[in-house]
Amino acid sequence: MGGQLALEMITKELIKRKAEWDRLEKQHLFCGWAALISGCTFVILLNEPQTGRIVFPKALLASPLSTTLLVVLFLSLIGLVYLSKKAAKKEKEFEALRNEFIERSEEFWPAERSAAEKEAYLKEMQTRYSINLFYFE
C-alpha cells in the first residue's frame, strides 16, 4: 500500500512541476514574440518614408508610439532573460523527479499489480500530461 501512496504523491508532484515548466515556457515564448514584433516595428519607424534617412533620436523619442515600442522591447528582453533562467531551473527540477520516478519504478509497481496497469498509467501520463515515464531521454 505504501507504493500506491508514493505513486500518487510523485504523480501529483510531476504534474505540478510540468505545469509550472510549461507556464514559464509559454511566458518565455510570449516575451520573445513581443521583443521580435516591437523591435521590427521600431526599426521600421527609424526610416523616414519620404527621404529614406534615419530619424534622429530626439525626433524619434518625441513620438509616443516609438517610446512605447522601446519600453516594450526593453521589458520583453529583460523578461526573456529572466524567464529563460527560471524555465531552465524548472526543467532541471522536473527532469530530476522524472528520472527518479523511472529509477524507482519497481518500487511503485509491486508484483501483485499487473503489467497492463503499469502500461495504462504510463500511456495516460504521456497522452494527458505529456510526461514521458517510459525511459530516460
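How many helices and how many strands are there in the chain? The chain holds 5 helices and 0 strands. Please keep in mind throughout this tour that the structure is a predicted model.

**Stop 1: The whole chain**

Begin with the entire chain in a cartoon display. Read from the N terminus on, its elements follow the order α-α-α-α-α. Now colour the 137 residues by burial: 28% of them count as buried. A surface display shows about 9400 Å² of exposed area, and carbon and sulfur atoms supply 65% of that area. Contacts along the chain may be considered next. Among those between residues at least 6 apart in sequence, 71% join residues at least 24 apart.

**Stop 2: A patch on the surface**

Select Leu-29, Trp-33, Leu-36 and Ile-37. Together these residues form a nonpolar patch on the surface, and their combined accessible area is about 440 Å². Centre the view on Leu-36, which belongs to helix H1, residues 2–46. Is Leu-36 buried or exposed, or does it fall in between? Its relative accessible area is 44%, so Leu-36 is partly exposed.

**Stop 3: A salt bridge within helix H1**

Remain on helix H1 and select Glu-13 and Arg-17. The two residues form a salt bridge, in which the closest N and O atoms are 3.0 Å apart. Both residues lie in helix H1, with their positions 4 residues apart in the numbering, or about one turn of the helix. Glu-13 counts as partly exposed because its relative accessibility is 26%. Arg-17, at 23% relative accessibility, is likewise counted as partly exposed.

**Stop 4: A salt bridge between helices**

Next, select Glu-20 and Lys-90. Their side chains meet in a salt bridge, with a distance of 3.1 Å from N to O. This pair links distant parts of the chain: Glu-20 is in helix H1, Lys-90 is in helix H3 (residues 64–103), and the two are 70 residues apart. Glu-20 has a relative accessible area of 21% and is therefore partly exposed.

**Stop 5: Arg-104 and Glu-107, then a network**

Move along the chain and select Arg-104 and Glu-107. Here too the side chains meet in a salt bridge, with 2.6 Å from N to O. What is the exposure of each partner? Glu-107 counts as partly exposed at 44% relative accessibility, and Arg-104 counts as partly exposed at 28%. Then add Glu-93 to a selection of Glu-20 and Lys-90: salt bridges that share partners join Glu-20, Lys-90 and Glu-93 into one network. A search of the whole structure finds 8 salt bridges.

**Stop 6: The cysteines**

Select Cys-31 and Cys-40. How many disulfides does a search of the whole structure find? The search finds 0 disulfides. The exposure of these residues can also be inspected. Cys-31 has 14% relative accessibility and so counts as buried, whereas Cys-40, at 43%, counts as partly exposed.

**Stop 7: Trp-109 and the aromatic cluster**

Where is Trp-109 placed? Trp-109 sits in the loop between helix H4 (105–108) and helix H5 (115–129). Why does Trp-109 count as buried? Its relative accessibility is 11%, and a residue is called buried when this value is under 20%.

Now show the surroundings of Trp-109. Not counting residues up to four places away in sequence, Trp-109 touches Leu-7, Glu-117, Lys-118 and Tyr-121. Draw a distance from the C-alpha atom of Trp-109 to that of Gln-4: the two residues are 105 residues apart in sequence, and their C-alpha atoms are 8.2 Å apart in space.

Finally, select Phe-101, Phe-108, Trp-109 and Tyr-121, which form one aromatic cluster. The structure holds 4 aromatic pairs.

**Stop 8: Tyr-129 in helix H5**

End the tour at Tyr-129, which is found in helix H5. Tyr-129 counts as partly exposed because its relative accessibility is 25%. Which residues is Tyr-129 in contact with, leaving aside its neighbours within four places in sequence? They are Ile-15, Lys-18 and Glu-124. For a last distance, select the C-alpha atoms of Tyr-129 and Ala-19. These residues are 110 residues apart along the chain, and the separation between their C-alpha atoms is 8.6 Å.

Key. Residues numbered from 1 in each chain as written. Predicted model: local features only at pLDDT ≥ 70, side-chain atom pairs only at ≥ 80, totals over all residues. Heavy atoms only, no water. Buried < 20%, exposed > 50% of the residue type's maximum accessible area, 1.4 Å probe, protein only. Contact = heavy atoms within 4.5 Å. Areas by Shrake-Rupley, 256 points an atom, 1.4 Å probe, with all protein chains shown as cover. Patch = residues over 30% accessible without salt bridge, like charges linked within 9 Å, V, L, I, M, F, W, Y side chains within 5 Å. Salt bridge = Lys/Arg side-chain N within 4 Å of Asp/Glu carboxyl O. Disulfide = S-S within 2.5 Å. Phe/Tyr/Trp six-rings, centres within 6.5 Å; stacked < 30°, edge-to-face > 60°.
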